[in-house]
Amino acid sequence: MNILLLGGTADARHLADALHKEGLSIIYSLAGLVRVPKVDCQLVVGGFTQFGGLVQYLKDNKIGAILDVTHPYAQTMSSKAVIAAKDVGIPCWRFHRPAWQQEEDDNWQDYQDEADLLAQLDGFRVPLLSAGQMSEALLKRIMQLPSIERIVWRTAVEPEFSLPDNIDWIKAIGPFALEDERQLLVDHGIDVIVSKNSGGSATYSKLEAARELSIPVLLHARPILPDAEREFSDTEECLQACLAAWGNASIHIKHQQKDSQQ
């Protein structure tokens, strides 16, 4: 059977390659906004609207299961996956890397939404915004806070709108080295970091640097998602579960196809 793996993360690439090598029929899907990885399995880039929606794609491509390995903040895609899987009667499993855990010398505060972020930013001068894409309206509201002097905004994708002179945009894609993150914070006079609690090691060094420099961090709380049939936070456990559930079925189908051709 075909397994649709919703990706866009390093974990997704790892699982796609590992499952493909084990003989499973994997279709790897990602938005492709930042970069398109090299994978050995079939690749779908740009979402499912081009195919008439996710449900239609599942039917047309005889998808037998969905494995959601998107970013923990890809709330829309993760929610659609659960709903679409139920519509066509197939399982939807999810892997999300564990969230970062606060250590003794960390000064972290969660924020729930934009209003909460604005309230917590009031009083800081130079924030490093490293929580991905933000709207032009939100950036303007941050700049309008009386205490804000400048903004340093780091993203992997170029903004779709022009920025004023007091917003320094940095294009960068992790992983980031601790010494580079420390230097960035010092050179720009950063006094607060805004981030998502993405988990993993690629962007964790900014939190280590913040800990060393006693800089507060505002973390966007992870979104609440509809439950998947099975959920994993360990890649090896997820891999073995997929092989146990779907590996034999894929191999059996391939044997049947080979026999019919003889």
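Among contacts in this protein between residues at least 6 apart in sequence, 66% join residues at least 24 apart. I should state at once that the model before you is a predicted one. Its secondary structure amounts to eight helices and 12 strands. Along the principal axes, the C-alpha atoms occupy a box of roughly 75 × 35 × 30 Å. Of the 262 residues, 45% are buried. The accessible surface is about 13,500 Å², and carbon and sulfur atoms account for 47% of that surface.

Allow me to begin with the nonpolar interior. In soluble globular proteins, nonpolar side chains tend to be buried together. Here, the largest nonpolar core has 25 residues, and the members that touch the most others are Leu5, Leu19, Ile26 and Leu67. Which elements give two or more residues to this core? They are strand 1, helix 1 (10-21), strand 2 (25-30), strand 4 (63-68), strand 5 (92-95) and helix 8 (235-261). Helix 8 provides the largest share, six residues.

Leu5 serves as an example of how such a residue is surrounded. Beyond its neighbours within four places in sequence, Leu5 contacts Ala12, Leu15, Ala16, Leu19, Ile26, Ile27, Tyr28, Ser29, Leu67 and Val69. There is also a second, separate core of 20 residues, whose members include Leu121, Leu145, Ile167 and Val194.

Please look next at Ile3, which belongs to strand 1 (residues 2-6). Is Ile3 buried or exposed? Its relative accessibility is 0%, so Ile3 counts as buried. Setting aside residues up to four places away in sequence, Ile3 touches Leu24, Ser25, Ile26, Ile27, Ala65 and Trp246. For a sense of distance, the C-alpha atoms of Ile3 and Lys59 are 12 Å from each other, while the two residues are 56 apart along the chain.

I turn now to charged pairs. Side chains of opposite charge can pair when their charged atoms come close. The structure contains 10 salt bridges, and I shall discuss three of them.

The first pair to consider is Asp68 and Arg94, whose side chains form a salt bridge with an N to O distance of 3.4 Å. Asp68 is in strand 4 and Arg94 in strand 5, so this pair ties together parts that lie 26 residues apart in sequence. With a relative accessibility of 0%, Asp68 counts as buried. Arg94 is buried as well, its relative accessible area being 4%. Which residue is linked with Asp68 and Arg94 in a network of salt bridges? That residue is Glu231.

Arg150 and Asp168 supply another pair, with their closest N and O atoms 3.2 Å apart. Arg150 sits in the loop between helix 5 (136-143) and strand 8, and Asp168 in strand 9, so the bridge ties together parts 18 residues apart in sequence. As for accessibility, Arg150 is partly exposed at 28%, and Asp168 is partly exposed at 27%.

The last pair joins Glu181 to Arg154, and here the closest N and O atoms are 2.8 Å apart. This salt bridge links distant parts of the chain, with Glu181 in helix 6 and Arg154 in strand 8, 27 residues apart. Glu181 is buried, with a relative accessible area of 3%. Arg154, at 7% relative accessibility, also counts as buried.

Glu181 brings us to helix 6 itself. In this helix, which spans residues 178-187, the buried residues are Glu181, Leu184 and Leu185. Why do these residues line one face of the helix? Viewed down the axis of helix 6, the buried residues fall within an arc of 95 degrees, so they share one face. On the other side of helix 6, Asp180 and Asp187 are exposed.

What, then, covers the buried residues of helix 6? The cover includes strand 7 (127-130), strand 8 (151-155), strand 9 (167-171), strand 10 (192-196) and helix 7 (205-213). Strand 8 is thus part of the cover, and strand 8 also holds Arg154, the partner of Glu181. Just after helix 6, Gly189 adopts a positive phi of about 65 degrees.

To close, I would draw attention to two points. The nonpolar interior includes a core of 25 residues and a second, separate core of 20 residues. Among the salt bridges, Asp68 and Arg94 form part of a network with Glu231, and Glu181 pairs with Arg154.

Note on methods
Residues numbered from 1 in each chain as written. Predicted model: local features only at pLDDT ≥ 70, side-chain atom pairs only at ≥ 80, totals over all residues. Heavy atoms only, no water. Helix = DSSP H or I, 4+ residues; strand = E, 2+ residues; numbered from the N terminus. Buried < 20%, exposed > 50% of the residue type's maximum accessible area, 1.4 Å probe, protein only. Contact = heavy atoms within 4.5 Å. Arc of directions from axis to C-beta. Core = buried A, V, L, I, M, F, W, Y, C linked by side-chain atoms within 4.5 Å. Salt bridge = Lys/Arg side-chain N within 4 Å of Asp/Glu carboxyl O. Areas by Shrake-Rupley, 256 points an atom, 1.4 Å probe, with all protein chains shown as cover.
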